[in-house]
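Hi,

Here's the structure I promised to pass on. Have a look at it first, and then read my notes below.

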Amino acid sequence: MPNFTDTLNQIMLDGTSKDLVHKFADKSQNTSSLITVDGSTMVNLGSCSYLGLEHHEALKLAGQQAIQKFGTQFSSSRTYLSHGLYEELEHELFSIFQRPLIATASTTLGHLAALPVLVQEGDAVIIDLQAHSSMQMTAQLLKARNIPLHLIPHNNLDVLEHKIKSLRNKYRKIWFLADGVYSMYGDLAPFKQITNLLNTYRQLHLYIDDAHGMSWTGNKGCGVVHSNMPHHERMYMLTSLNKSFAAAGGAIIFPSEADKTKVLNCGATLTFCGPIQPGMLGVAVKSAQLHQSSEILGLQENFSNKINYVNNKLKENGIPQFAECHTPIFFIPAGLPKITYDIIASMKAKGFFLNSAAFPAVPMKRSGIRFMANACLSFNQIDSMVLALKETYFEALEQHQSSLEDICQQFKLSSINQINTVSKPPKGINTLTTKSWTSINDIPQQQWNETLGQVGCLSTSNLALLEQAFQGNGLPEENAEFHYVKISDAKNKVLLFALVTVSLLKDDMLADSNVSKSIEETRKEQPYYLTSKQIISGTLFSLGNALHMNFDDPRKKEILATFVKWTEELSERVGAKNTLIRGFNESDSEKLSKDLLGLGMTKYSLPSNCIVENLDWSGTEEYLSLFKRRYRYDFKKEILGFEDRFTINFEKPTGELEKSQCIALYENVFEKSFEINVFKLPNKLFSLLFKDPNYDFIRLYLKEAPTEPVAVLFSYINGSVYNALAVGLDYRYVKSHNTYKQVLYQSVKRASQLSCTKLDLAYTAEMVKKKIGAKVENQYAFVQMDDLLNSAIISMTT
């Protein structure tokens, strides 16, 4: 799967270029409802200070007095010495929660202190997919200790209970990590059902983050979790003293004094991280006292009315929500990131500061507008914002040729009533036409040959063979749908031609090989674990870029948007989870990256491709003269030094024995190959390519054992290009006789003998291929992930 850091960096760089992220508020005085950015004052709907207490006079005064009395900092580890205000703060917080607790420098540092201490070897952890990033980050520390982590779909109690049942006889404790209020969608944990599970399964322990639920609801502002379920004897809760509490830090609330003591003694961030400083400790103490006063009731009631008002106004204006809940967080589904970005930019221009919610926090095609209500917003400000959002939202959908119907489909919101009350806005005009086929035999041959027919293995005859090979097989992974698409302009000029196939793939196909090895252990009992139907350009047995287009065409954006829209519609029809368009070199990928990112496709580095282009030489010495000096010695020693031990056979395998020997060698390599983790190729494919005149075979036999090959290379010749597609090896001789290096060298000689101008040696084993004269070319793909669950599970696999 795509590297998370690289993907996130792409998205953040794009957001920065659009002036949407990493902004600074001006140093002019701001209020809880207004913010000034780049000289523009806007209504602030990006603040999580839900009660607006940061401007409360008593809190500001408490902070000033603490600094005057104690200075700006108290620099000591809490293991040695805590400021006296900590003791006062924890006493006041105990009055709110009535449970043992520890105040922490932040909620995240609280997670880092508590989880590694509470969860021990012999335990297992289940995590809701939308659980806050701070918990998922901390869970990686558990993963390093080989504590099993299991991700489940968001708020799916059936999957949760099934997972508990599957783990309860194997592990001492089962921990479930969840949020009280989820930070992206603003929806709630299913408290009643979780309580029932706690009462049913004694091994289950709940670890829940209520950072977004604190203060604005509950007795003494105790939050959403404590308002909806009693503090169970196996419940551990963390909350924030920022946000509604308007101070700094967090708190861990325990079911027992023993748990508190253990975390206080052993929690790493309680020992090695700095404390809350005196000024904010003073604020926190005063805020905790305010929470216990009658004033909090009026603040909560006022804010509850604001939440209801926003929900009603959105409904009145036909603006859909992902989940309508009585929480301060609102998520308006928009679809592709570019739609969200345009809405956010337009709302800023109209005087409203809102946030975007995009990949990887949510699936790529399910980005949206995320905004927060706060108690300081006036009803007039809410009215103005909703009217501006209504206008901006539907204009953006129309501009990007989307609609509420599309949103409903992408977010699976068919049951949301307000979607059906608003007429579908007219789509924009697309000047391009799209035509598609499901067989190469139906496409005009001349058009195909002029575009993709000479690329890699994409000749019409080979595609006809592959269509036959990947249809009608017994196992689902041995079958594939072929889809060809042509995009033309009004003058019928071909602007894009592409081939994609739909097949069942392993979701860890491009994961780290060690991760794939671990996943394969599970597949011994569950063969289709972490697999899904996916769309890829080209086929599973072809090389090269299967998308023809002029990447400098001035209509590039429109062409790409039309193509991606076609793949999305195909994905919806066939139920595909991911789309991968591959085979781009460095230059072309740079030309496409920005536009495709806006369409929801992130750039991903593939294993490099290895090419030998200089095949016009007359002997070994001339061939060696092309090498870099450091490779010549290795070549003579490791390859030429062994060549006379082999008999080389270029004949097609004919008898059943010869064919089965070749397939068995391929299967040897398949069983050990995890760098690109795919399903085994169907036997039907081999039976067809043994007959096809354009497939070439190189078999190596040891001279002392001439009846059984020790290596085989399956290749396809398309015009002047020799495409090496699959290798088979007898591993008994790989090290002793360098059989892999030898068969690669023989492919170079074979391609030269056949007067080919290019040898494509495909992916992996770059260093070995360099030693036979290959040039390494960086390769890239663009990936659109419709569902984050499987990729998140893979990222947590040890």
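Let's start inside, with a small list of residues: Arg 78, Tyr 86, Ala 103, Thr 104, Ala 105, Leu 109, Thr 269, Leu 270, Cys 273, Gly 274 and Pro 275 form the lining of the second largest cavity. Keep in mind that this is a predicted model, so treat everything here as computed from it. Two elements, strand E3 (101-104) and helix H10 (268-272), each give at least two residues to that lining. Sorted by class, the lining of this cavity holds 7 nonpolar, 3 polar and 1 charged residues. The volume of the second largest cavity comes to about 60 Å³, and searching the whole structure turns up 6 cavities of 30 Å³ or more. If you're wondering how anyone finds such holes, rolling a probe the size of a water molecule over the atoms shows where empty space is left.

Next, the pockets. How much space lies in the second largest pocket? About 1200 Å³. It's lined by 43 residues, and the ones closest to its centre are Ser 673, Ile 676, Leu 725, Tyr 763 and Thr 764. Several elements each give two or more residues to this lining, among them strand E19 (578-584), strand E20 (602-612), helix H24 (656-672) and helix H27 (739-753). Strand E24 gives the most, with 5 residues. By class, the pocket lining has 34 nonpolar, 4 polar and 5 charged residues.

One residue I'd like you to click on is His 212. You'll find His 212 in the loop between strand E7 (204-209) and helix H8 (224-228). Is His 212 buried or exposed? It's buried: its relative accessible area is 6%, and buried means under 20%. Leaving out residues up to four places away in sequence, His 212 touches Cys 48, Tyr 50, Val 181, Ser 183, Lys 243, Ile 329 and Arg 370.

Now zoom out to the whole protein. You can count 29 helices and 26 strands in it. The radius of gyration is 31 Å, close to the 28 Å that the globule rule gives for 798 residues, so the protein is as compact as a globular protein of that length. The C-alpha trace spans about 90 × 60 × 50 Å along the principal axes. Of the 798 residues, 58% count as buried. Among contacts between residues at least 6 apart in sequence, 75% join residues at least 24 apart. As for the outside, the protein exposes about 33100 Å², with carbon and sulfur atoms supplying 50% of that.

Have fun exploring!

Note on methods: Residues numbered from 1 in each chain as written. Predicted model: local features only at pLDDT ≥ 70, side-chain atom pairs only at ≥ 80, totals over all residues. Heavy atoms only, no water. 1 Å grid on protein atoms, 1.4 Å probe; cavity = no way out; pocket = protein on both sides within 12 Å on 5 of 7 lines; lining within 4 Å. Points joined across faces, edges and corners; volume = space filled by probe spheres on them. Helix = DSSP H or I, 4+ residues; strand = E, 2+ residues; numbered from the N terminus. Nonpolar A, V, L, I, M, F, W, Y, C, P; charged D, E, K, R; others polar. Rg over C-alpha atoms; globule rule 2.2 N^0.38 Å. Buried < 20%, exposed > 50% of the residue type's maximum accessible area, 1.4 Å probe, protein only. Contact = heavy atoms within 4.5 Å. Areas by Shrake-Rupley, 256 points an atom, 1.4 Å probe, with all protein chains shown as cover.
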